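I pulled this one up to see how the strands sit together and what packs between them. Notes follow as I went.

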Amino acid sequence: MSLLDHSSGLPQRTFDAGETVITEGDDVGRLFVLAKGTVVVERDDIAVARIDTPGAMFGEMSLLLQTPATATVRCETATVMRVADTPRTFLTEEPEAALEVARVLAGRVDALTQYLVDVKQQYSDLEGHLGMLDTVLGALTYGQRPRSRPGSARDPEG
């Protein structure tokens, strides 16, 4: 079963073409599942994906990382989304939906890792920004997020 199947009991919301579903940097607090239509995902004002696959989800990164939205989701056509207003409750009560979210995210990490390995192989003899690939690949492979050190104006080292 797909996330679209698991979300069949959620309320639906219709968005007009051009309407923004999620704005990068905003607190989302919801999980959206595409039922019908086409959206464009933008990060830093650059379109990174055009999605029209029913069952695609949006807001999961913000939910799981407990951060503001990492991208903007804008409707290219009239769009219908299923909306989990309390996404943690939805994923707890629908563990198969949570597993589907995990599968999708694992697929994204796998694709990104393969891409970075390909880039590393192509440019292994160069330094600079490409030299950071080992660090990025290590973080993806082992799931280690850098420790946060907020510091202060008086003590910037923490």
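**Starting at the first strand**

I began with β1 and found 4 bridges joining it to strand β8, residues 79-84, with the two running antiparallel. I then checked one bridge by name: Arg13 has Met81 in β8 as its partner.

Note to self: this is a predicted model.

Next I followed the sheet outwards. It is open and has 4 strands, ordered β1-β8-β3-β6, with antiparallel pairing. The edges are β1 (12-15) and β6 (57-58), each of which pairs on one side only.

Then I stepped back to the whole chain. I counted 5 helices and 8 strands, and along the sequence they read α-β-β-β-β-β-β-α-β-β-α-α-α. Of the contacts between residues at least 6 apart in sequence, 72% join residues at least 24 apart.

Which residues have the most contacts inside the largest nonpolar core? I got Val21, Ile22, Phe32, Phe58, Val73 and Met81, in a core of 16 residues. At least two core residues come from each of β2 (20-22), β3 (31-36), β4 (39-43), β7 (72-75) and β8. Another core, of 15 residues, lies apart from that one and includes Leu3, Leu10, Val33 and Ala35.

Met81 kept turning up, so to speak, and I listed its neighbours. Leaving out residues up to four places away in sequence, Met81 touches, among others, Arg13, Phe15, Val21, Phe32 and Phe58. Val33 and Ala35 are also among the residues Met81 touches.

Last, the surface. I have 32% of the 158 residues down as buried, and an accessible surface of about 10400 Å², 52% of it belonging to carbon and sulfur atoms.

Notes: Residues numbered from 1 in each chain as written. Predicted model: local features only at pLDDT ≥ 70, side-chain atom pairs only at ≥ 80, totals over all residues. Heavy atoms only, no water. Buried < 20%, exposed > 50% of the residue type's maximum accessible area, 1.4 Å probe, protein only. Contact = heavy atoms within 4.5 Å. Areas by Shrake-Rupley, 256 points an atom, 1.4 Å probe, with all protein chains shown as cover. Pairing = 2+ DSSP bridges. Core = buried A, V, L, I, M, F, W, Y, C linked by side-chain atoms within 4.5 Å.
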